[in-house]
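Visitor: Could you take one part of this model and go through it slowly with me? I would like to look closely at the place where the two chains meet.

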2 protein chains.
Amino acid sequence: MAVNVKQWLLGKPLETKDLPHQAISRPVGLAVFASDALSSTAYATEEILIILALAAGVSWVGAGGLTLGLSIPIALAIAVLLVIVTISYRQTIYAYPNGGGAYIVARDNLGEVPAQIAGAALLTDYVLTVSVSVSAGVAQIASAVPELLPYRVQIALLVIIFMTVMNLRGVKESGRIFAIPTYFFLTMMFLTLAIGFVRHFSGGLPQVTGVEPHHVGALQDLTLFLFLRAFSSGCTALTGIEAISNGITAFKDPKSHNAAVTLVWMSSILVTLFLGITFLANQIHTIPSESETIISQMSRTIHGEGSILYYLTVAGTTLILLMAANTSYADFPRLAALHAGDGFLPRQLTLRGGRLVFSWGIMVLALASSILVVMADARTTSLIPLYAVGVFLSFTISQTGMVVRLRKIGKLKPGEKIQGLETVLEYDAHWRQHMAISAIGAVCTFVVMVVFAVTKFASGAWFVVILIPLLVYAFFQVHHHYKNVAISLSMGGIKPQITTSPMRTVLLVDGVHKETVRLVNFAKSLGHDWQAIHVGVNPERAQQVTERWQEYIGEGELIVLPSPFRLLAEPIREYILKLQVEHPGCYVHVVMGNLVMDTFWEQTLHQNTSLIFNLSLSRLENVAVTTVPYQIHHQKKHSETV
Amino acid sequence: MAVNVKQWLLGKPLETKDLPHQAISRPVGLAVFASDALSSTAYATEEILIILALAAGVSWVGAGGLTLGLSIPIALAIAVLLVIVTISYRQTIYAYPNGGGAYIVARDNLGEVPAQIAGAALLTDYVLTVSVSVSAGVAQIASAVPELLPYRVQIALLVIIFMTVMNLRGVKESGRIFAIPTYFFLTMMFLTLAIGFVRHFSGGLPQVTGVEPHHVGALQDLTLFLFLRAFSSGCTALTGIEAISNGITAFKDPKSHNAAVTLVWMSSILVTLFLGITFLANQIHTIPSESETIISQMSRTIHGEGSILYYLTVAGTTLILLMAANTSYADFPRLAALHAGDGFLPRQLTLRGGRLVFSWGIMVLALASSILVVMADARTTSLIPLYAVGVFLSFTISQTGMVVRLRKIGKLKPGEKIQGLETVLEYDAHWRQHMAISAIGAVCTFVVMVVFAVTKFASGAWFVVILIPLLVYAFFQVHHHYKNVAISLSMGGIKPQITTSPMRTVLLVDGVHKETVRLVNFAKSLGHDWQAIHVGVNPERAQQVTERWQEYIGEGELIVLPSPFRLLAEPIREYILKLQVEHPGCYVHVVMGNLVMDTFWEQTLHQNTSLIFNLSLSRLENVAVTTVPYQIHHQKKHSETV
């Protein structure tokens with residue numbers, strides 16, 4: 001029955017040869033890879049305003065009236081940063097046609113430690129992408145349907161569970177279904193901005209009304225620190241622009257070119273949306289609020305309260321946010337499998353489940369992001385300080401890797417080619433310009449990362465600042481372990497001498513009945529010296545077992561081991577150790593029965609000691625443990641009267 | 001390390017011969033067994049008032065002024081019932097000197113089904129005793145320290161966890177420590193009542209002030225139904241008076257006489273306290289409240305706000321309530337072990353843990369009562385409708401059992417004795433009077449049970465009315481299962497012929513390394529025909545394993561089983577089935593390796609497939625599964641450089 005439920009939920013298993021060999025066009029590529037980046041426009045403006053409101057208060061017309069307006073220069077600065085990173089990543093895409101994620105670029109140019117740091121940073125941020133995007137998506141829903149506000153954590157968890165099941169089923173990434181929400185969102189958002197700008201320039205755009213503002217404590221001074229805090233909040237707009245560089249191989253040939261063009265489209269759209277939303281939000285004087293998002297306030301003001309266009313805009317925003325969370329379900333397991341393949345994470349992460357997806361990675365992501373959602377009470381603002389540090393760290397490492405790579409290229413002679421670890425390095429006359437671009441990108445993202453970590457440290461970034469080194473430490477511990485095991489198992493290229501050893505069979509006997517007969521039969525069939533032992537937890541019962549052994553088995557030797565502390569495994573261990581002293585170099589072969597029931601519930605009514613013995617005897621050297629199953633099938637009713 | 005934590009928490013393991021052989025005096029017996037019954041005075045009066053307030057409203061002087069006063073006649077009626085049940089149970093104590101709980105009396109006189117019903121009812125009520133008593137105890141604490149009110153669920157759960165750990169340690173029941181809280185409570189309560197009565201009769205007893213009343217909805221009419229509902233709420237005062245009849249063997253000789261005298265003492269104290277509290281609660285016009293208990297209101301009014309005597313009274317009441325919960329930790333596991341010993345509950349419940357207590361029963365009780373506390377939000381009033389139905393059902397069954405027993409005695413000739421199942425039945429000239437007493441008791445408790453179930457049905461009793469039959473059904477399913485297994489295993493008294501069978505060894509090979517050498521060594525040592533198989537999830541790897549096998553092992557046969565769906569166990573199953581067709585009557589001995597690491601965390605980095613194989617191959621007949629452990633020890637740092 002469990003199998004049926006699993007098949008209904010996840011679908012039939014797939015053969016390994018069915019692994020998809022996809023090749024997607026630029027418009028589909030935009031839809032598949034851009035949702036994470038584009039969705040951040042749903043909250044980036046809002047997060048800037050929330051910080052500025054600490055100095056401005058909740059009113060646009062009060063003392064701080066101009067303060068919220070600072071969001072426009074901040075947005076412009078972020079747009080410049082975005083352009084720099086885009087140009088820099090374009091180079092990476094051409095340099096790494098087989099996939100140029102930060103982990104691969106760092107591993108190729110900087111070595112193991114920076115690669116693991118970049119990987120840890122990205123894995124952390126993929127988890128946060130799920131938590132942030134789902135929380136922001138639920139906030140959109142709650143803006144349109146305020147009755148749902150008290151249930152946001154529950155709704156967010158349901159969404160995560162749904163996405164987990166869908167991804168365990170294995171949503172085909174090539175599916176055009178991804179295009180629908182992305183283009184629906186873009187249509188609604190550009191329509192909203194267009195109408196908004198027309199109404200603004202025709203002088204007919206009102207200010208927003210009926211918003212319940214955030215509770216702001218005592219007003220703070222508008223310091224440089226607060227300004228930088230607002231800036232770093234807005235930098236969450238950049239999260240997700242690395243997605244295309246991870247997925248170059250998914251594009252049609254010429255892969256690098258198509259991927260690079262898509263990246264430029266994506267960044268252009270992102271800048272346009274982000275600046276447009278920030279500008280209009282300023283014009284209509286949106287106010288950060290716990291119960292209504294900026295997007296909802298803006299489209300409500302532009303389209304009119306309760307209009308169908310309002311609901312469609314909010315629906316589109318919700319959809320793109322959920323799509324963004326969904327991209328982490330592809331990225332996280334893939335990156336985790338890369339780490340695991342290199343021996344830095346548990347091997348199980350490299351195994352594809354029945355539906356060909358990395359099931360373990362999906363489950364780990366679902367669990368970690370659910371915990372974050374619960375801890376943050378599904379509030380986007382509580383999660384933002386944890387977010388983006390990792391992304392900017394990986395940006396910095398990746399671009400630094402490119403600088404190192406381009407320096408190597410600079411040393412080549414004209415026309416020369418050398419084989420690197422991942423790619424071919426080829427002479428390039430313009431290496432200086434390229435290196436300058438990567439270096440500028442690296443410096444910018446590094447500065448933003450430091451600004452982010454410092455200004456957001458107290459409100460949550462400390463967690464990530466501590467977490468990433470711990471993860472890297474854990475990765476290397478795992479690596480160390482696997483290396484040790486490989487050394488322990490290695491035969492060093494020498495063909496071993498395979499000998500045989502004498503063997504003694506030890507039978508574990510709990511009672512004397514049909515199963516015992518099967519056990520003795522097995523022990524005799526093995527054909528070695530054998531003896532039976534019974535752990536005498538209860539002396540009266542031990543006496544009874546001895547008598548029944550004489551009566552029904554009548555051969556071999558049954559030894560009763562006393563167990564005053566009612567332990568089962570300990571007396572057996574001691575007995576085996578004694579036996580090994582008496583018969584040195586001998587294998588001890590422990591044989592025990594195992595009652596096997598038809599159903600799980602029937603099985604729980606029995607002690608299932610064989611698993612316990614297997615575990616507790618496994619530490620002894622030269623001891624093998626055999627279970628002889630004895631199947632008990634459900635008796636027909638009439639047998640009850642026998 | 002896990003072992004050390006367990007020892008620190010639970011103490012060192014104890015030997016079986018250390019089972020206590022206690023014999024306690026009457027005053028200690030009163031303390032040990034009476035806390036459950038006496039503690040109900042802490043909430044019984046309050047529960048009556050809560051129901052009456054539905055008709056009276058929150059005010060004593062308003063339209064319903066007289067209504068709350070009805071609590072006095074209700075309390076008198078409950079006192080009469082208590083006297084009847086006491087007299088009836090006194091007879092049971094004399095009839096069953098080796099313990100006369102409802103389960104035993106029913107099993108002895110009425111058969112399996114009534115015994116299981118009585119047992120199910122009692123087990124349910126033991127769980128409720130923990131939930132109700134802990135919730136009521138926490139309510140006392142929150143009355144004295146109102147700041148703790150929002151955390152009552154958390155406090156209640158902490159109390160349950162603490163009690164669970166203490167009981168897993170095995171609190172010695174004979175310990176006089178039990179006497180302290182009981183006698184402290186009695187001292188404080190009688191002192192409070194005495195001062196209260198003196199102040200009342202001297203005219204100096206004020207009415208209570210500053211109580212925030214329960215939110216009562218629209219006032220209801222004072223119907224007979226409501227009156228009976230209030231009566232049944234008050235009947236919770238009777239819970240726990242069966243405790244002494246369960247524990248007769250704990251008393252000093254003459255056991256029955258000492259137990260019976262203690263029962264009479266206990267009931268007398270119980271009646272006195274219950275009536276005294278109800279009377280004074282009426283005089284000072286206590287008002288049911290969410291934030292302050294009646295006991296707190298009463299002692300605050302009598303001793304004065306913030307006086308030391310007030311705090312001592314509340315502390316005493318809290319202690320007795322927690323002691324009452326603790327008695328369930330002795331009763332529930334003991335009764336569950338009785339059921340399990342008769343084969344109606346999982347056998348594991350009969351096993352004594354390292355500290356000689358029934359660990360499984362304690363854990364089940366802790367879990368079930370915690371769930372109830374969380375579901376009821378630690379509100380006593382929400383739990384009361386579920387409570388007491390079970391107790392009155394077991395009272396009824398037990399006394400009906402006594403009626404049947406006394407009818408049998410009535411058929412004996414003067415001086416005649418016959419051996420019953422549990423006890424000796426002896427001629428008794430007064431059997432008619434005794435039978436009349438038991439019959440009156442049975443009828444009274446039956447009527448109360450029906451009144452309780454009907455009047456409380458909608459507010460929660462339905463749950464218990466459905467639960468008890470379900471439990472009884474489950475008990476018989478378990479019993480049916482154990483009977484079937486016993487039949488399957490039975491040799492029917494015939495000495496079996498023990499033969500031997502031919503054997504084939506099948507080696508599971510994942511890779512070729514040092515562990516594989518150990519495996520082949522073991523297989524050769526067994527001395528039967530053997531072959532190795534490799535499940536080819538990855539065709540390239542399968543090829544590599546085959547080549548390495550030729551190179552390093554170079555003997556035997558390695559067969560690669562293809563596995564396009566990446567399954568591990570399924571191809572092996574199919575291969576074994578094929579082998580059994582080719583070699584009929586042959587044992588298939590599957591041998592596999594198992595990497596054993598030094599620590600749990602290291603172990604989690606490996607796939608641990610041996611457990612999976614053990615489970616999935618256990619359903620095949622004539623197949624034994626052997627694991628050959630291969631211990632990998634932590635390498636010294638320098639080996640990393642090898």
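Guide: What follows is a walk along the meeting place of the two chains. Please keep in mind that this is a predicted model. Let us begin with how the copies are related: a rotation of 180°, with 0.1 Å of shift along its axis, superposes chain A on chain B with an RMSD of 0.2 Å. That is the relation of a two-fold axis, and within chain A the C-alpha nearest this axis belongs to Thr626(A), at 2.0 Å from it.

Turning to the contact itself, 65 residues of chain A are in contact with 64 residues of chain B. On the side of chain A that touches chain B, at least two residues each come from helix H19 (457-489), helix H20 (514-526), strand S6 (587-596), helix H23 (600-604) and strand S7 (623-631) of chain A. If we sort the residues of that side by character, they divide into 26 nonpolar, 25 polar and 14 charged. Because 98% of the interface residues of chain A are also interface residues in chain B, the copies meet through the same surface.

With this picture in mind, look again at Thr626(A), whose C-alpha is the one in chain A nearest the axis. The strand S7(A) pairs with strand S7 (residues 623-631) of chain B in the antiparallel sense, over three bridges, and in S7(B) the bridge partner of Thr626(A) is Thr626(B).

Terms used. Residues are numbered from 1 along each chain as its sequence is written. Chains are lettered from A and ligands numbered from 1 in the order in which they are written. This is a predicted model: local features need pLDDT of at least 70, side-chain atom pairs count only at pLDDT 80 or more; totals for chains, interfaces and linings use all residues. Copies are superposed by least squares on the C-alpha atoms of residues with pLDDT of at least 70 in both. Two residues are in contact if their C-beta atoms, placed from the backbone, lie within 7 Å. Helices (H or I, at least four residues) and strands (E, at least two) are DSSP runs, numbered from the N terminus. Ala, Val, Leu, Ile, Met, Phe, Trp, Tyr, Cys and Pro count as nonpolar, Asp, Glu, Lys and Arg as charged, and the others, Gly among them, as polar. Two strands pair if DSSP finds at least two bridges between them.
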